[in-house]
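The following exercises concern the contact between two chains and the pairing of strands within one of them. Each task is followed by a solution in steps.

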Amino acid sequence: MKEKELKQMTIPAQRLMARCAGEEKRVGTRTVFVGNHPVSETEAYPAQRFCDNRIVSSKYTLWNFLPKNLFEQFRRIANFYFLIIFLVQVTVDTPTSPVTSGLPLFFVITVTAIKQGYEDWLRHRADNEVNKSTVYIIENAKRVRKESEKIKVGDVVEVQADETFPCDLILLSSGTSDGTCYVTTASLDGESNCKTHYAVHDTIALCTAESIDTLRATIECEQPQPDLYKFVGRINIYSNSLEAVARSLGPENLLLKGATLKNTKKIYGVAVYTGMETKMALNYQGKSQKRSAVEKSINAFLIVYLFILLTKAAVCTTLKYVWQSNPYNDEPWYNQKTQKERETLKVLKMFTDFLSFMVLFNFIIPVSMYVTVEMQKFLGSFFISWDKDFYDEEINEGALVNTSDLNEELGQVDYVFTDKTGTLTENSMEFIECSIDGCKYNGVTEEVDGLSQTDGPLTHFDKADREELFLRALCLCHTVEMKTNDTVDGATESAEFTYVSSSPDEIALVKGAKKFGFTFLGTRNGHMRVENQRKEIEEYELLHTLHFDSVRRRMSVIVKTQIGEIYLFCKGADSAVFPRVPVDEIEPTKRHVEHSAMDGYRTLCVAFKKITPDDYEKINRQLVEVKLALQDREEKMEKVFDDIETNMNLIGATAVEDKLQDQAAETIDALHAAGLKVWVLTGDKMETAKSTCYACRLFQTGTELLELTTKSIEECERKEDRLHELLIEYRKKLLREFPKSTIRSHKKAWTDQEYGLIIDGSTLSLILNSSQDSSSNNYKSIFLQICMKCTAVLCCRMAPLQKAQIVRMVKNLKGSPITLSIGDGANDVSMILESHVGIGIKGKEGRQAARNSDYSVPKFKHLKKLLLAHGHLYYVRIAHLVQYFFYKNLCFILPQFLYQFFCGFSQQPLYDAAYLTMYNICFTSLPILAYSLLEQHINIDTLTSEPRLYMNISGNAMLQLGPFLYWTFLAAFEGTVFFFGTYFLFQTSSLEDNGKVYGNWTFGTIVFTVLVFTVTLKLALDTRFWTWINHFVIWGSLAFYVFFSFFWGGIIWPFLKQQRMYFVFAQMLSSVSTWLAIVFLIFISLFPEILLIVLKNVRRRSARRNLSCRRASDSLSARPSVRPLLLRTFSDESNML
Amino acid sequence: MTWSVTARGAHQPDNTAFTQQRLPAWQPLLSASIALPLFFCAGLAFIGLGLGLYYTSNGIKELEYDYTGNSGTSNCSVSCQCAWYFSLPELFQGPVFLYYELSNFYQNYRRYVVSRDDAQLSGLQSALRQPINECAPYQYSAGGLPIAPCGAIANSLFNDSFSLWHQRSAGGPYVEVPLDRTGIAWWSDYHVKFRNPPLVNGSLALAFQGTAPPPNWPRPVYELSSDPNNTGFINQDFVVWMRTAALPTFRKLYARIRQGNYTAGLPRGAYRVNITYNYPVTAFGGHKRIIFSSISWMGGKNPFLGIAYLVVGSLCILTGFVMLVVYIRYQDQNDDDDDEE
């Protein structure tokens, strides 16, 4: 229905479009009436429905909070399990009161609900702030003040300078004559530079409320989509006649909600997307749901313990009925059943007995563990953002934690995938040299009136012309903006200005050109102004910009000189430019390009072509046409660009240096030493990337390189055969080198030959996608075998998606290694999202990577401490936490299980209900929490300086079956000791010197006291880092236990049915034997642990001594610690295959 | 339930010891040089304690007699009398305590343990009239009257009674040895937890009017003893019985012998224990024993603690030696290594 109306309404426009862009489908577009004015009186006002401008990021409302939150909480398996236990306790006659499991559950649920409620309240508040903010809307030629949430699609909104846009707007006019405005999108993608947005020519003049109200226009645009940088639309302006004028709208016309207006007094715009349909809202996603390996281990343990629980309950139920088969055991005269009990069906009784046992033993699965784990993760992650070593003065920021779920995963990384540009390197570019027409120029010598020639033929017939052409090309072919530091439009020559661009390369190039005398002075009214060497100002009309994209890998501009000549300047990667210029021009430049690339410079080639006015007409028409296209605009544009950028002439090439980041090499060294495999994934070309890898010591001088690149493959006719050959050859080589020792392979690699692999994007896709024939799988597996044997892998010429593909491939290797990706640019986002842990660098290429990452740090060097120190500690802490929790609960429940054998399997609890409830909440929770936040079993400094310690915990070492069994057996041993120790203690008439007798509650209390002291002291034994907090909570917990026991037993509690514990604890302590037994039982329980620790320490000491010896000998033979930034290691070809 | 970390400080982090994880900390290393002396000291201390405990336990005398009888002879359906004769060749060092022991009696059975009403036992009027449901099937009598004291525990009160007679010289007359039946219950139980309901017209019997005695009891609770301080709910036998035992074989204190000529213990001579046999145990395969035991500072006879301490003490010293050897070997090895390098 709606679609139909829409069609009718757009008939005039459609006719027009049919002429200029051909028939297009209308599906998936929306029509907006500017100012909500109907364009023609004859048509009925269409009832179009768009959502209002209310942003709702909150999850709950006041009404649905309770049910929705509870529902979500009980969707977790653990909570659901406890709920079931609780319900069983309520319905069935069970040994422990529902309070014992209900209270902890209630506690957990409440704490979580409060936390989530608070977070949601914050979100509500933030939403309200946005929704209730005032905006000005033009209604009936008047400026009306409204709340932001009242904006409807089609409203004309006025925005003042430094305000943020309340919704996605199409710029109509900005008050300036050229209809431009400046916008920063810092809060959207972190790019703080000003971007210029344009109004459509026809509406520029409408810069008052009255005039804007006269505008009759419709806007057709696609339905909202989340890509911030894509927008296709069309505005149909109805001047007096009914015939509309159509203009294309692109992202440069769209002002995004969340962006801020800068350097422009005010703008008028029409709302096209509002509320939850704005691009910002569509980009808002919940945090990634990555699960850590530890969490998987927890779940595995949980299943084991659930199995233990079920077994225990089943065993007890069976034995109970065996035992009861003797009638005097079933119902002795002193303990008769009620009539109801006698009449209950036996099967039903067995079932309820089973449930009762489950309830009795349910504490073996600790409720509080989940809370503690979450608290640990949440609180623990603060240490990362607090760490001042991660603070970078330049950007005035420290590390940022986006998710705390993965802290421990940082200690488990096997593979590191790193981006090169901006990650390993600074991404601050410096123009180094250029090659013009086959002559090489070095930028270091500064001569005002010319370039010093260092290379190439001395005489060249039109050398000066070519130089100038080259420099003009540099000055014109870019998207750099000028940012003046004074008033809004002060483009006076004397004013201070800086260049701003999304790509640092371009700035370097423009600055480089400036050094040679050609200064770019900015754009005015669509004219680029350039000051040449003779201080004259040249103006070029900018006709078209063919934007850069990562597929074409080049960009072009079409400019018109003052004398009316039209030029196309193009710059791009050599591989993107060379095929489009005459072959004979390539050779000398190619030589220079390759040479520069080997020196680690980033190279770009510059080409131009002169366009005749006739050709330009054609090109112009094509460009306008595709820019108006609503459907598949990207593809069409690409095709047109491709057509235009042909038959060019090569002018030269530039070389820009990208400095290596501070301590990049040391970090890579440390990561290698920690047993991590570092892969560099870059879009750069092989030579550049390779030299960077040498510079940052990813490849050592002794590393043997295996190359799988187009270069090495193209020599042969059939690429795949050659590839196959190479793969087989490499595999042979590697397998010979590592005979069969699979696990120790990389340890061995340390002593033996190291291998590095270089592969490029096209070869990779050849390996992965040579789909049809069956050999592809084979290729892939051989390739993976090779990869796993190499210490370092360099993947160059990678498209963003290929990066993710590689990460996914490694992720799915045997043993599913943990992967970490680190990068700074938008092209790294896919790999960051794909890997187990994604780390973003708060780099110069915007904040997209940092926003999508799990952790973000300012610099690559911070990775070292993040992994080696923080990751290691978090892992050890949480692994210990998990093991300890299961341990202490097994200790807790085992005596209760054993007691069943002595109480006729009657589900009689050994401990009082208060103890059952408080054991996990109060008596033993804080010490382990403090431990798991503060423990440093090895000093942070030692951890960072001894990277190989990281290997100790690799492969989830502390949560493997071995340690798990150790803890379980320890718990079983201790539980048995507790119970039978007390059992034998009770084989006497009396424990007191006055002959009085103890009962079952004293028995349980003795066991419980020993239990609490033992598990706490066990933790104390494990604690290697005793801060005052540890002292406080450990001794405090014990003191609290004693205090609580006195208190609990000291009062007749009116709300209790049974005063079981009355004076039991005090009476217990009045016996010397009990004291001696408690001390003895604690000691015997801890004895194996103490023994083990002492033995370990003896070994550790000797190990440390060995280590220090080795270190001493290492330092003697160590390589020079400071290497030149870039080494020309390529001369020794012997290293290459 | 993810604890997301919301956007935090774009500012410089605090440089405090806590945030930088550099809190001053004690980093104990349980090295061999600390642990070895510890082991030896602990070992010695344990052996010392163990010896003390062992000898103390050995010094405690116990005299026990199983008077269950086989089901044919002394299984009285109603009460009957039997006697146990024994003679002491020397003084049975006092103070002497008289215990009875029941075996295979599950006082710790869940249904049994909960079958009591502590509110009633604390003398609360309302609970006297309306015992809690846990007492069922000993909640109300067949006549519909509330049972006081209700519940299975009270109903199964041990009701054998003993009297001890001493024959000072052979052939002489037996003299009754006074048994102190007070002071056998916990002070807190006797004085706080168990209270009689307020007297009505000065009479305990009237206070219990409208209640029924437990079905197994031959007489109501207020007639348990003639001593007003030892009858009703605060009868010490009853209070002792109400503290449910931990294990199916248990002893309960019956009386203390500390009066008259017997303060120092039981002098040598022949003795006779008259047993009024009421309590049926053969029905559930149980046994009844009577035990005379002296008590030391560590309580009754229990060799377990002493032996355990001795074993662990020796174990400590043994491991101490083993560790010492290991330690020295390692030390040597390391020295050798050092020499090599």
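**Exercise 1.** Determine how many residues each chain gives to the contact, and which residues of chain A lose the most area to chain B.

*Solution.* In this predicted model, chain A contributes 123 residues to the contact and chain B contributes 103 residues. The area buried between chain A and chain B is about 10,100 Å², with carbon and sulfur atoms giving 60% of it. On the side of chain A, the most area is lost to chain B by W333(A), Y334(A) and F1080(A), which together account for 8% of what that side buries.

**Exercise 2.** Describe the polar and charged links across the interface of chain A and chain B.

*Solution.* Begin with the salt bridges: the rule finds 2 across the interface. A salt bridge joins the side chains of K1057(A) and E134(B), with an N to O distance of 2.9 Å. Next, polar contacts number 33 residue pairs between the two chains, counted with both residues at pLDDT 80 or more. Helix α38 (residues 1072–1117) of chain A supplies 23 residues, the largest share of the side that touches chain B. By class, that side has 56 nonpolar, 40 polar and 27 charged residues.

**Exercise 3.** Establish which strands of chain A are joined to β31(A), and whether the residues of β31(A) are buried or exposed.

*Solution.* Strand β31 spans residues 819–823 of chain A. Strand β15 (residues 415–419) of chain A runs parallel to β31(A) and is joined to it by 4 bridges; here F417(A) has S821(A) as its bridge partner. Strand β32 (residues 837–841) of chain A is likewise parallel to β31(A), with 4 bridges, and G823(A) is partnered by G840(A). Finally, 5 of the 5 residues of β31(A) are buried: T819(A), S821(A) and G823(A) point one way, L820(A) and I822(A) the other.

Notes: Residues numbered from 1 in each chain as written. Chains lettered and ligands numbered in written order. Predicted model: local features only at pLDDT ≥ 70, side-chain atom pairs only at ≥ 80, totals over all residues. Heavy atoms only, no water. Contact = heavy atoms within 4.5 Å. Buried area = accessible area lost by both parts, 1.4 Å probe. Salt bridge = Lys/Arg side-chain N within 4 Å of Asp/Glu carboxyl O. Polar contact = N/O pair within 3.5 Å; in protein donor to acceptor, adjacent residues only side chain to side chain. Helix = DSSP H or I, 4+ residues; strand = E, 2+ residues; numbered from the N terminus. Nonpolar A, V, L, I, M, F, W, Y, C, P; charged D, E, K, R; others polar. Buried < 20%, exposed > 50% of the residue type's maximum accessible area, 1.4 Å probe, protein only. Pairing = 2+ DSSP bridges.
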